[in-house]
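Subject: Structure handover

Hello,

Please find the structure below, with its sequence. My notes on it come after.

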Amino acid sequence: MKNRRKINEECAVFGVSLKTSVEAAGLVYNGLLSLQHRGQEGAGIAVVANGSIECKKNVGLVSEVFSAHTLAALHKGNTAVGHTRYSTTGSDQKANMGPFVTEYLTGRIATAHNGNITNAKELRGMLQHCGLRFNSTSDSEVVASLLAYRIIKEKNIFKGIKKAVSELEGAFSLAVADADGHLFAIRDPHGFRPLVLGKSKEGIAVASESCAFDACGFELIKDVLPGEMVIIKDGEILRTEQSGAKTENGLGLCIFEYVYFARPDSVIDGLSVYEARFNMGAVLADEHPKFADVVCGVPDSGLDAAAGYAAASGLPLVTGFIKNRYIGRSFIYPTQSKRDSAVKLKLNPLAASIRGKKVVLVDDSIVRGTTSEKIVKSLKNAGAKEVHLRISSPPFLFACRYGTDIDSIDKLIANNLSLDEICRKIGADSLGYISIEGLKRACGKNKRSFCTACFTGENGKKSVCKDSLEEKTV
């Protein structure tokens with residue numbers, strides 16, 4: 001059993017197109033290491049060389065899947081795409097890992113996908129009816145197969161990919177490579193998931209987050225726009241095609257990218273993730289002020305919001321927890337009592353900074369409430385006089401259709417208890433969530449629309465819980 005302290009987002013993509021045949025695979029490896037926070041269940045790299053595509057992938061962390069020997073054994077090519085994946089229950093199998101390499105009559109493509117295709121079941125059925133076979137339960141394989149099918153039907157890779165993308169519904173940020181060395185960067189019309197382009201003297205890179213460019217020597221040049229397809233070859237952007245962004249009410253970039261998913265050193269759609277989280281803390285201090293002695297954050301994504309709360313309130317910012325960074329991907333224990341000790345192993349209160357004090361504790365979310373209860377209790381056991389919990393996201397009320405692994409709605413604590421009841425259950429002395437308006441205000445420098453369906457239910461199929469949807473296996 002996995003002890004999931006937080007909700008998760010599905011995965012990350014990284015790709016490069018270089019001017020010469022250098023270590024494309026090595027650059028993708030470094031990029032995936034920087035994106036490891038987006039998925040820890042499996043990883044893969046596909047390299048284009050001499051008109052063919054070689055792919056290596058497996059279950060595990062990037063560093064576990066690719067040793068120095070494995071990387072050295074991959075073809076030397078100037079185009080490569082990679083994928084690191086977070087899987088839902090029962091889907092952490094090698095067959096479900098990306099990238100997916102799909103063969104068709106006249107070529108091959110390698111597809112790395114971040115998101116969730118909401119019409120995957122219908123597309124799979126259509127493709128099976130046309131004679132295609134599937135080896136996994138992943139909707140990413142559906143995307144790859146649809147791309148190949150349309151390329152064949154259109155007899156042109158550019159028209160085929162454009163046609164296939166127009167049939168996809170839901171969230172998709174794609175890095176696709178063909179055997180001729182083209183690299184395609186594609187973002188869905190709503191822009192649910194981030195996708196960015198970087199440039200260096202060696203060529204062009206595409207990534208789920210800009211933080212990956214720093215490790216690979218690339219400079220962020222632009223976000224792939226919602227509905228945009230960028231076509232790259234031999235380290236140069238050949239052209240871009242824009243099918244048009246969709247601006248339906250309540251849909252757009254998942255605002256939880258700023259709250260939790262993305263690394264703080266990334267910039268998404270023109271807004272620094274760190275700045276957004278700092279602003280969230282400042283808004284929390286305005287919406288839920290508290291006379292206290294100190295402010296501290298829950299590592300990691302609560303730290304920046306705590307800094308913002310402290311700056312806006314004038315309260316001292318202290319380190320409340322020491323995080324053990326060598327625990328690994330997940331806790332696997334045979335008994336519930338052992339699983340309950342997981343939080344203590346990963347987050348240990350720093351008693352010297354909170355003993356005898358009234359503490360404002362800032363965290364990014366409350367899902368079931370069990371972990372929040374343990375964290376609050378650990379602070380009080382360490383000597384905190386009071387613990388006032390502040391949350392930098394609104395209450396989760398609805399499951400997500402677009403690739404965020406939010407628990408089924410009947411297990412979301414905010415669906416079962418009132419604010420006062422949640423506060424009492426987790427043992428806090430007070431509890432305050434940021435408002436939806438406040439969260440949007442904190443992210444105001446990003447002028448694009450946001451998806452907040454997990455908080456509001458708008459366009460989020462609020463009567464449908466995740467468990468009743470087709471398995472999300474991106």
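The notes start with a six-stranded sheet and the helices on it, and then turn to strand β3 and its partners. Please keep in mind that this is a predicted model.

The sheet

Six strands make up an open sheet, and their order across it is β6-β7-β8-β9-β13-β14. The pairing is antiparallel. At the edges are β6 (100-104) and β14 (236-242), each of which pairs on one side only. From one strand to the next the twist averages 20 degrees.

At the β6 edge, the neighbour is β7 (residues 107-117), and these two strands are joined in the antiparallel sense by five bridges. Within this pair, E103 stands opposite R108 of β7. As general background, strands of a sheet pair through backbone hydrogen bonds, in either a parallel or an antiparallel way.

The helices on the sheet

Helix α5 (residues 139-154) lies across β6, β7 and β8 (170-178). Its direction is at about 135 degrees to β7.

Helix α6 (residues 157-167) also packs on the sheet. The strands touched by α6 are β6, β7, β8, β9 (182-187), β13 (228-233) and β14. Relative to β9, the direction of α6 makes an angle of about 20 degrees.

Which residues of α6 are buried? They are I157, F158, G160, I161, A164, V165 and E167. In an α-helix there are 3.6 residues a turn, so residues three or four places apart point the same way. The N-terminal end of α6 is capped by N156, which has a side-chain oxygen 2.9 Å from the backbone nitrogen of F158.

Strand β3 and its partners

Strand β3 (residues 42-49) has eight of its eight residues buried, so the rest of the structure largely encloses it. Buried here means under 20% relative accessible area. Both faces of β3 are covered: one side carries G42, G44, A46 and V48, and the other A43, I45, V47 and A49, all of them buried.

β3 pairs with β4 (residues 52-59) in the antiparallel sense, over eight bridges. One of the residues involved is G42, whose bridge partner in β4 is V59. The hairpin of β3 and β4 has two residues between the strands, and N50 there takes a positive phi near 55 degrees.

β3 also pairs with β5 (residues 79-85), again in the antiparallel sense, over seven bridges. Here A46 has V81 of β5 as its bridge partner.

Regards

Methods: Residues are numbered from 1 along each chain as its sequence is written. This is a predicted model: local features need pLDDT of at least 70, side-chain atom pairs count only at pLDDT 80 or more; totals for chains, interfaces and linings use all residues. Side-chain values use heavy atoms; hydrogens and water are left out. Two strands pair if DSSP finds at least two bridges between them. Helices (H or I, at least four residues) and strands (E, at least two) are DSSP runs, numbered from the N terminus. Axes are lines fitted to C-alpha atoms, for helices over the stretch in contact, and angles run from 0 to 180 degrees between N-to-C directions. Contact means heavy atoms within 4.5 Å. Buried means under 20% relative accessible area, exposed over 50%, partly exposed in between (1.4 Å probe, protein chains only). A polar contact is a pair of N or O atoms within 3.5 Å; within protein, one must be able to donate a hydrogen and the other to accept it, and residues adjacent in sequence count only if both atoms are side-chain atoms.
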